[in-house]
Amino acid sequence: MRSVGQAELTYILLAARWTVLLSLAGLLGGGMFGAVLTLASIARSRLLRRAVTVFAQMVQGTPLLILLLLAYFGLSALGLDLGALLSSLLALTLYGGAFLTTIWRAAIDAVAPGQWEGAAALGLKRGQQLRLVILPQALRIALPPTSGFIVQMIKNTSLASIVGFIELTRAGQIVSNATFQPLPAFAAVAAIYFVLCLPFTLLSEWLEERRTMPTNP
Amino acid sequence: MTSGYIFDFWPVAQRWPALLDGVWTSLLLTAVGVVGGSALGIVGALFRRSKMLALRWVMRAYVELFRNTPLLVQLFLIYLGLPSLGIRLSPMLAACLALVLNNAAYTTEIIRAGIAATPPGQVEAALSLALRRWHILAFIVIRPALARVYPALVSQNVLLMLSTGITSAIGVQELTAAASDINSETFRSFEVFLASGLIYLLLNYIQRALLWGASRRLFPNQRYWT
């Protein structure tokens with residue numbers, strides 16, 4: 001009988017490339033979508049601002065797994081067959097956009113309102129106020145939770161295995177089924193996730209400590 | 001693409017008893033995760049601030065192991081992996097254990113931050129009033145710490161509720177599993193997952209309302225909104 005040896009571990013390790021790819025694509029899609037939502041959330045139109053809040057709340061109040069099943073089975077039933085990879089990316093983009101816009105909006109709100117007023121008093125247009133004055137300060141506030149969210153994104157790509165996409169977790173299941181040795185198979189999978197995620201957890205903590213350290217007296 | 005598709009919620013609505021059964025199981029999983037995770041989280045936070053270096057490091061390792069690996073993999077390790085060590089759990093028990101351990105890791109970190117923010121003068125004042133050690137710990141350190149970080153605890157426990165659906169992967173018959181069964185019986189995929197998504201959304205609002213309601217009883221002096 002096969003056991004978890006070098007070939008199996010190599011297979012698991014190679015499957016981690018798909019986890020990395022899913023994470024990067026999910027972060028890119030979610031990041032762009034989140035940026036658009038954040039801009040909409042500080043628009044002058046009250047309706048637009050309200051719509052972003054409601055959308056973000058609804059996505060955050062729905063499990064990612066349900067979003068994924070909707071994208072995979074639901075859209076397919078409607079005649080739009082995206083396949084496992086694209087439907088995973090769609091779900092991760094919606095999920096990422098909703099969480100990132102909440103983080104980024106909170107960071108913009110945390111910048112003192114006097115900064116907007118000061119920038120306006122210097123004659124900057126609204127776009128310039130945002131780009132030159134507000135965003136550089138908001139970035140500092142937004143970085144630690146954004147780094148923390150990267151960890152959530154990496155871990156949540158594991159749900160793609162449920163719709164049959166072969167990434168790290170699915171590869172672990174395949175090895176587990178082939179060898180009847182689930183413990184070493186999933187321990188290896190967990191170890192790889194740990195190595196992928198820990199740097200961002202530590203980065204998030206380090207950034208947060210730096211941020212709360214007093215800089216100017 | 002979508003032209004010609006006729007939405008039909010009836011086959012899903014007809015199967016409401018299965019969905020309701022699923023909801024009860026989801027709620028049970030959530031309750032176990034919230035209560036177990038909070039209790040372990042308080043103990044964990046105290047261990048993280050223990051005088052013993054070994055205890056602090058063990059706790060730190062536990063927290064980082066559970067926070068940096070997916071719940072799905074933790075479920076597989078507990079349900080499929082533990083039997084080879086002679087520990088065989090039912091899907092339900094394995095799910096409860098995974099949710100408690102997972103939630104406790106996050107809760108530990110949240111409460112640790114709350115305890116770290118205790119003004120030293122509070123404990124000194126309590127000592128000078130000759131309060132007992134246990135009283136200081138419970139009423140001067142832990143309770144105000146919980147009050148301080150309560151909003152973060154609410155968010156974490158709602159995320160826990162939303163993640164209970166992942167236990168369907170090891171065969172727990174909760175809401176997501178019930179929805180998947182209905183999907184394969186009726187092929188009304190969009191309708192059934194939309195309906196279950198809305199149920200989760202509703203549960204999310206109910207849980208928030210309950211937890212914020214509880215905060216008024218637990219921490220009547222804390223003001224969360226100004």
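These are my notebook entries on a predicted model with two chains, A and B.

**Entry 1: chain A overall**

I began with the secondary structure of chain A and counted eight helices and zero strands. Read from the N terminus, the order of elements is α-α-α-α-α-α-α-α. I then took the extent of the C-alpha trace of chain A along its principal axes, which is about 75 × 50 × 25 Å. Of the 217 residues in chain A, 42% are buried. For the contacts in chain A with a separation of 6 or more, I noted that 76% involve residues 24 or more positions apart.

**Entry 2: chain B overall**

I repeated the look-up for chain B, which has nine helices and zero strands. The elements of chain B follow the order α-α-α-α-α-α-α-α-α from the N terminus. The C-alpha trace of chain B covers about 75 × 50 × 30 Å along its principal axes. Buried residues account for 41% of the 226 residues in chain B. Among contacts in chain B between residues at least 6 apart in sequence, the share joining residues at least 24 apart is 77%.

**Entry 3: the contact between the chains**

I next asked how many residues each chain brings to the contact. Chain B gives 33 residues and chain A gives 33 residues. On the side of chain B that touches chain A, I found at least two residues from each of helix H3 (53-67), helix H4 (71-81), H7, H8 and H9 of chain B. H9(B) supplies the largest share of that side, with nine residues. Sorted by class, the side of chain B that touches chain A holds 18 nonpolar, 13 polar and two charged residues.

**Entry 4: helix H9 of chain B**

Given its share of the contact, I examined H9(B) on its own. I checked whether its length suits a straight helix count: the 30 residues of H9(B), 189-218, should span 44 Å at 1.5 Å a residue, and the end C-alpha atoms lie 42 Å apart, which agrees. I then listed its buried residues, which include Ser189(B), Phe190(B), Glu191(B), Val192(B) and Phe193(B). Further along H9(B), Ile199(B), Tyr200(B), Leu203(B), Asn204(B) and Gln207(B) are also among those buried. Against what do the buried residues of H9(B) pack? They pack against helix H3 (64-77) of chain A, and within chain B against helix H1 (10-14), helix H2 (16-48), helix H7 (133-163) and helix H8 (175-186).

**Entry 5: H3 of chain A against H9 of chain B**

I looked up the geometry of this pair across the two chains. The axes of H3(A) and H9(B) are 7 Å apart, and the packing angle is about 155°. An angle over 145 degrees counts as roughly antiparallel, and H3(A) and H9(B) are therefore roughly antiparallel to each other. Their crossing is left-handed. From H3(A), the residues making the contact are Ile66(A), Leu69(A), Leu70(A), Phe73(A), Gly74(A), Ser76(A) and Ala77(A). From H9(B), they are Ser189(B), Phe190(B), Phe193(B), Leu194(B), Ser196(B), Gly197(B) and Tyr200(B). I sorted the residues of this contact into nine nonpolar, five polar and no charged.

**Entry 6: H6 and H8 of chain A**

I then turned to a helix pair within chain A. Helix H6 (residues 126-156) and helix H8 (residues 182-212) of chain A have axes that come within 8 Å and cross at roughly 165°. That makes H6(A) roughly antiparallel to H8(A). The crossing of H6(A) and H8(A) is left-handed. Among the residues that meet, I noted Leu143(A), Pro144(A), Ser147(A) and Val151(A) in H6(A), and Leu196(A), Cys197(A), Phe200(A) and Leu207(A) in H8(A). By class, the contact of H6(A) with H8(A) comprises twelve nonpolar, four polar and four charged residues.

**Entry 7: H6 of chain B**

Is helix H6 (residues 120-128) of chain B largely in the open or largely buried? The number buried among the nine residues of H6(B) is zero, so H6(B) lies largely in the open. Just after H6(B), I found that Ala130(B) has a positive phi of about 60°.

**Entry 8: Leu75(A)**

My last look-up was Leu75(A), which lies in helix H3 of chain A. A residue counts as buried with 20 or more other C-beta atoms within 10 Å; Leu75(A) has 19 and is partly exposed. Setting aside neighbours within four places in sequence, Leu75(A) is in contact with Leu80(A), Leu82(A) and Ser87(A). I also took the distance from Leu75(A) to Glu205(A), 130 residues apart along the chain: their C-alpha atoms are separated by 39 Å.

Technical notes
Residues are numbered from 1 along each chain as its sequence is written. Chains are lettered from A and ligands numbered from 1 in the order in which they are written. This is a predicted model: local features need pLDDT of at least 70, side-chain atom pairs count only at pLDDT 80 or more; totals for chains, interfaces and linings use all residues. Helices (H or I, at least four residues) and strands (E, at least two) are DSSP runs, numbered from the N terminus. The expected span of a helix is 1.5 Å times one less than its number of residues. A residue is buried if 20 or more other C-beta atoms lie within 10 Å of its own, exposed if 12 or fewer, and partly exposed in between; C-beta atoms are placed from the backbone. Two residues are in contact if their C-beta atoms, placed from the backbone, lie within 7 Å. Ala, Val, Leu, Ile, Met, Phe, Trp, Tyr, Cys and Pro count as nonpolar, Asp, Glu, Lys and Arg as charged, and the others, Gly among them, as polar. Axes are lines fitted to C-alpha atoms, for helices over the stretch in contact, and angles run from 0 to 180 degrees between N-to-C directions. Angles under 35 degrees count as roughly parallel, over 145 as roughly antiparallel, 65 to 115 as roughly perpendicular and the rest as oblique. A crossing is left-handed if the near helix is turned anticlockwise from the far one by less than a right angle, and right-handed if clockwise.
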